[in-house]
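Let's take a walk through this model together, with the sequence and the coordinates open side by side. We will begin with a helix and work outwards from there.

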Amino acid sequence: MTETPEKSPSERPQRPDRHEGDDSADMERDNIALPSHVAGSGTLDRLVETASNYARQAASENTLKAYAKDWAHFARWCRMRGADPLPSSPQLIGLYIADLAAPSGKALSQSASRPLSVASIERRLSGLTWGYAQRGERLDRKDRHIASVLAGIRRRHARPPVQKEAILPEDLRDMLATLPHDLRGLRDRAILLIGFAGGLRRSEIVSLDHGKDDTPDSGGWVEILEDGALITLRGKTGWREVEIARGSSDQTCPVHALSQWLHYARIDFGPLFVATSRNGLKATGERLSDKHVARLIKTCAREAGLRPDLPEAERVRLFSGHSLRAGLASSAEVDERYVQKQLGHASAEMTRRYQRRRDRFRVNLTKAAGL
C-alpha cells in the first residue's frame, strides 16, 4: 500500500495531479493513513491495511469500475476544453451535464455524440461525486449551477422508463424446453428457475455459494430443506432470507433443478453456479459472471420464439435479467406483501413497478363514480 505523506491537522489535504484519473483504468481507492501526531507501529500499520481493505469494499467492484469510467470521461472532457477537473466547480459540472444532454462540437466518437438519458446523467453525477471524494474534494449536487441545469434537463428530456418484458410461467416453460439435457443444460435450467421463483437479480444468482463463508466474495448461500430451498442474501441494507418452495412437478421445480445440478456437477463447496468444461462434462471452480445470466435469458427467449410479432433484434432487447423478477411479480396471484418480501423491496410502490399485468382496470373507478 502506498502511504500518503504525513501532514499536520491544520494543513489542507494535498491535491493529486490535476489530470489524475484521465485514464479509465485508473481505479483510485480510499487511502487510510495514520494521523501525523501518532507514531507508527507494526500493529497500527496492519490496522491501516485492514481499514483500507474495508474502505475498498464500501461499494461493489462493478460500481467502482463504473464510477472510475465516469471520472475518466469527465477528465477527458475537461482536458479537451482547456479546463481542469480539480478543484471542484459547480459551474463546470453544470456545463458538463448540459453537454451530455445536448452534445455540441466534435465528439470523441460516434457513440459519444449521442445525448445521454436523464438516468445516465444522474449516474454520471454520482460517479463524479465519488471521484471528487477520492481526491479530497466535495461536490455539492444541490448547488444551483448543477441543480437548476439538471431540473431543466429532466423537464425537457425525461421519458418514462423503458421496462423489460416480463417472462411469465408459460414463457419460462418454453425457454426451458430449448436447453440441452447435459451438465450445462442442468445448470442453466437451475439458474432460470431459481432466478424466477426467488425473484433474484442476476448478480444475486451468481454470487451464491453452496455454504456459508465458503468464499470471500460470496453474496449469500443456499440450504436445501425438505419443503424447499432457503437462500440467505446480502443486500444493501443487510441480510435477508428468500424462501423457494418446491414446485408442482419436477420439470418446473426450482429446488429439484438445483439439486440435480449440484449432484451431477459434484458441487459441495464454493460458488453455486460455475462454468463447465468445453465438452460440457465437468464443472470447473470458476464462478459465472452475471453477464452469463443476461445472455442466457436473451438466447433462450429468442430460441423459444417469444414475442414473434417483433423483429428478432427487437425481441432480444426486450428481455434481460430483470425479466425473471418482473415475471414473478406479474404472475404470482398472492397478496402483494409476499411478493414485496420475496423481491426485497422496501416499498409496495417499487414492487408495483415490476407488475406488468396485475391490477390494471381491476378496480373500475369510472363505474364506481356512477358513469
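## Helix 4

The model is a predicted one. Helix 4 is built from 17 residues and spans 25 Å between its first and last C-alpha, close to the 24 Å expected at 1.5 Å a residue. Just beyond helix 4 comes glycine 136, with a positive phi near 75°.

Which residues of helix 4 are buried? They are Val118, Ile121, Arg124, Leu125, Gly127, Leu128, Trp130, Gly131, Tyr132 and Gln134. The cover over these buried residues includes helix 2, helix 3 (90-101) and helix 5 (144-157). As a reminder for reading such a list, an α-helix has 3.6 residues a turn, so residues three or four places apart point the same way.

## A link from helix 4 to helix 2

Helix 2 also meets helix 4 through charge: the side chains of arginine 123 and aspartate 70 form a salt bridge, at 2.7 Å from N to O. Since arginine 123 belongs to helix 4 and aspartate 70 to helix 2, the pair ties together parts that are 53 residues apart in sequence. How accessible is each partner, arginine 123 and aspartate 70? Arginine 123 is partly exposed, with a relative accessible area of 37%, whereas aspartate 70 is buried at 2%, which is under the 20% cut-off.

## Other salt bridges

How many salt bridges are there? The count comes to 13. In general terms, side chains of opposite charge can pair when their charged atoms come close.

One of the pairs joins glutamate 204 to arginine 201, with their closest N and O atoms 2.8 Å apart. Here glutamate 204 is buried, with a relative accessible area of 10%, while arginine 201 is partly exposed at 30%. Another pair is aspartate 309 with arginine 307, where the closest N and O atoms are 3.1 Å apart. Aspartate 309 is exposed, at 54% relative accessible area, and arginine 307 counts as partly exposed at 29%. Some bridges share partners, and in this way Asp70, Arg123 and Arg124 are joined into one network. Arg124 of that network is also among the buried residues of helix 4.

## The largest pocket

Now for the open space in the model: the largest pocket has a volume of about 1900 Å³. It is lined by 38 residues, and the closest to its centre are Ser60, Asn62, Thr63, Ser203 and Lys236. Two or more lining residues come from each of helix 2 (61-80), helix 4 (118-134), helix 8 (202-206), strand 3 (228-235) and strand 4 (238-245).

What is the make-up of the lining of the largest pocket in nonpolar, polar and charged residues? The lining holds 10 nonpolar, 16 polar and 12 charged residues.

## Two loop residues

Serine 207 sits in the loop between helix 8 and strand 1 (208-209). At 15% relative accessibility, serine 207 counts as buried. Setting aside residues up to four places away in sequence, serine 207 touches Ser218, Gly219, Gly220 and Arg287.

Proline 180 is also a loop residue, placed between helix 6 (169-176) and helix 7 (183-198). Is proline 180 buried, exposed or partly exposed? With a relative accessible area of 43%, proline 180 is partly exposed. Apart from neighbours within four places in sequence, proline 180 is in contact with Gly185, Leu186 and Arg189.

Methods. Residues are numbered from 1 along each chain as its sequence is written. This is a predicted model: local features need pLDDT of at least 70, side-chain atom pairs count only at pLDDT 80 or more; totals for chains, interfaces and linings use all residues. Side-chain values use heavy atoms; hydrogens and water are left out. On a 1 Å grid over the protein atoms alone, a cavity is a set of points where a 1.4 Å probe fits but cannot get out, and a pocket is an open set with protein on both sides within 12 Å along at least five of seven lines; lining residues have an atom within 4 Å of a point. Grid points are joined across faces, edges and corners, and a volume is the space filled by probe spheres set on the points. Helices (H or I, at least four residues) and strands (E, at least two) are DSSP runs, numbered from the N terminus. Ala, Val, Leu, Ile, Met, Phe, Trp, Tyr, Cys and Pro count as nonpolar, Asp, Glu, Lys and Arg as charged, and the others, Gly among them, as polar. The expected span of a helix is 1.5 Å times one less than its number of residues. Buried means under 20% relative accessible area, exposed over 50%, partly exposed in between (1.4 Å probe, protein chains only). Contact means heavy atoms within 4.5 Å. A salt bridge is a side-chain nitrogen of Lys or Arg within 4 Å of a carboxyl oxygen of Asp or Glu.
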